Amino acid sequence: MTDTLSATGGETAGVPEFPMPRVARCPFDPPPALRSLQEEGPLARVRLWDGSTPWVVTRYAEQRALMADPRVSADITRPGYPAPAPMPKGTFASFILMDDPEHHRLRRMVQAPFTVKRVEEMRPAVQRIVDDLIDGMLAGPRPVDLVEAFALPVPSLVICELLGVPYDDHDFFQDNSKTVIRRDAAPEDRAAAGARLNAYLDDLVGRKLAEPADDLLSRLTERVEAGELSRAEAVQMGVLLLIAGHETTANMIALGTLALLRHPDQLALLRESDDPKLVAGAVEELLRYLNITHSGRRRVALEDIEIAGQVIRAGEGMIMANDVANRDPAVFPGPDELDLRRDARRHVAFGFGVHQCLGQPLARMELQVVYSTLYRRIPTLSLATELDRVPFKHDGQVYGVYELPVTW
Ligand code: HEM
């Protein structure tokens, strides 16, 4: 660090720790201390687990400007990168943690199935998956854990089909993914879980090389054979897509359902309307309001960058706190209200710039199918426990609930 507020300097005494506790009046709100920082200004210093003091960027305009700035790097191997937790040794990063041109080279190899057109072709199949799972819930005992019975299986079944991963292995990959993104897991446990996922995908890539099928992993193995991609890169992309493909959307389904159950007037709008525009808008608003990727987008400056009257020095870390940016009153009036009729499309829940979520058309479509089906088919759906007994994922890089007991 080149700034006077160095990691070891005594001047860091008053710098708040990050992440900040979510002790808000409402479990869907970002940490109040982060909101206070946002009120004070767009940038502030925070202290991480390793004593380093990167910038936290709290306001929407500055965040979008920085995420689109080529002087800002997502490369986790650069000194100054503000890692959310100790990095296990020998971690092989996927393209989400790389810069162009490497990032672009790898991303374009997997983008074809995630275009809006290709995703729309999958809508009827996703509708069938959702209907079958609801049939299963209705035929089974009550109460039931919505996470296990519905929220996890929907995106897991979809990403397995798309990638060519056998769904029968879901206990294995769901358990290991959970550990990989657990902020408070011991580094060696995260490393071991990552290694198990890598070995699993490596074996699968080997099988696709011998016997290709009509799926994304087989398309990647063709590139390995053509010499355009190393086997390790193909494996790493498989791991990234498998984790990103189910963890995020599952949390949006369960946490979104809880948020709607706590806002019955908003839930009634969804249950009583069959207008696809209202449903699409509801998905955007829930993405904005819940912003499940609550650890912030992590970056490091490649050069000195002047912004909002401050200079971010080359080599200094930045955390784009997209949860508070999505509650920035300058962009979203009355930001703490869940209002499904609001135009929330400008939210940064999928990030911004070159790393903006590759899977967003898929996530949107899955959530549209879920939110337009679940509450209409089970109109009396309700929480089967007290709110304060719901286990929230405070320790995860992705926010959500571990369990959601529901009945009807
Ligand atoms: C509601 C669900 C989802 C949310 C909230 C979400 C959020 C995000 C965010 C915030 C980023 C940006 C990371 C950064 O800038 O550092 C991202 C990137 C990414 N997401 Fe998602 N995501 C979701 C679903 C999915 C799905 C279903 C997939 C696909 C299988 C996916 C695949 C990816 C990939 C591959 C990247 C890296 C893109 C890149 O670096 O170029 N995501 N996601």
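This section describes a helix pair, a small set of paired strands and the nonpolar cores of a predicted model.

Helix α11, spanning residues 231-261, and helix α15, spanning residues 360-377, have axes that come within 11 Å and cross at roughly 35°. The crossing of α11 past α15 is right-handed. On the α11 side the contact involves Thr-249, Met-252, Ile-253, Gly-256, Thr-257 and Leu-260, and on the α15 side Ala-363, Glu-366, Leu-367, Val-370, Tyr-371, Leu-374 and Tyr-375. By class, 9 of the residues in this contact are nonpolar, 3 are polar and 1 is charged.

The largest nonpolar core comprises 92 residues, and those touching the most other members are Phe-150, Val-165, Leu-270, Leu-286, Leu-290, Tyr-371 and Val-401. Helix α11 makes the greatest contribution to this core, with 17 residues. Tyr-371 thus appears both in the contact of α15 with α11 and among the core residues listed above. Phe-150 touches Ile-253, Val-370 and Leu-374, as well as Val-130, Leu-133, Ile-134 and Met-137, when residues up to four places away in sequence are not counted. Ile-253 of α11 and Val-370 and Leu-374 of α15 also belong to the helix contact. A second core, separate from the largest, contains 12 residues, including Leu-66, Ile-307, Met-318 and Met-320.

An open sheet is formed by 3 strands in the order β4-β10-β9, with antiparallel pairing. Strands β4 (144-145) and β9 (382-383) lie at the edges, each pairing on one side only. Between β9 and β10 (residues 405-407), the antiparallel pairing extends over 2 bridges, and Ser-382 has Thr-407 of β10 as its bridge partner.

Terms used. Residues numbered from 1 in each chain as written. Predicted model: local features only at pLDDT ≥ 70, side-chain atom pairs only at ≥ 80, totals over all residues. Heavy atoms only, no water. Axes fitted to C-alpha atoms, helices over the stretch in contact; angles between N-to-C directions. Helix = DSSP H or I, 4+ residues; strand = E, 2+ residues; numbered from the N terminus. Left-handed = near helix turned anticlockwise from the far one by under 90°. Contact = heavy atoms within 4.5 Å. Nonpolar A, V, L, I, M, F, W, Y, C, P; charged D, E, K, R; others polar. Pairing = 2+ DSSP bridges. Core = buried A, V, L, I, M, F, W, Y, C linked by side-chain atoms within 4.5 Å. Buried < 20%, exposed > 50% of the residue type's maximum accessible area, 1.4 Å probe, protein only.
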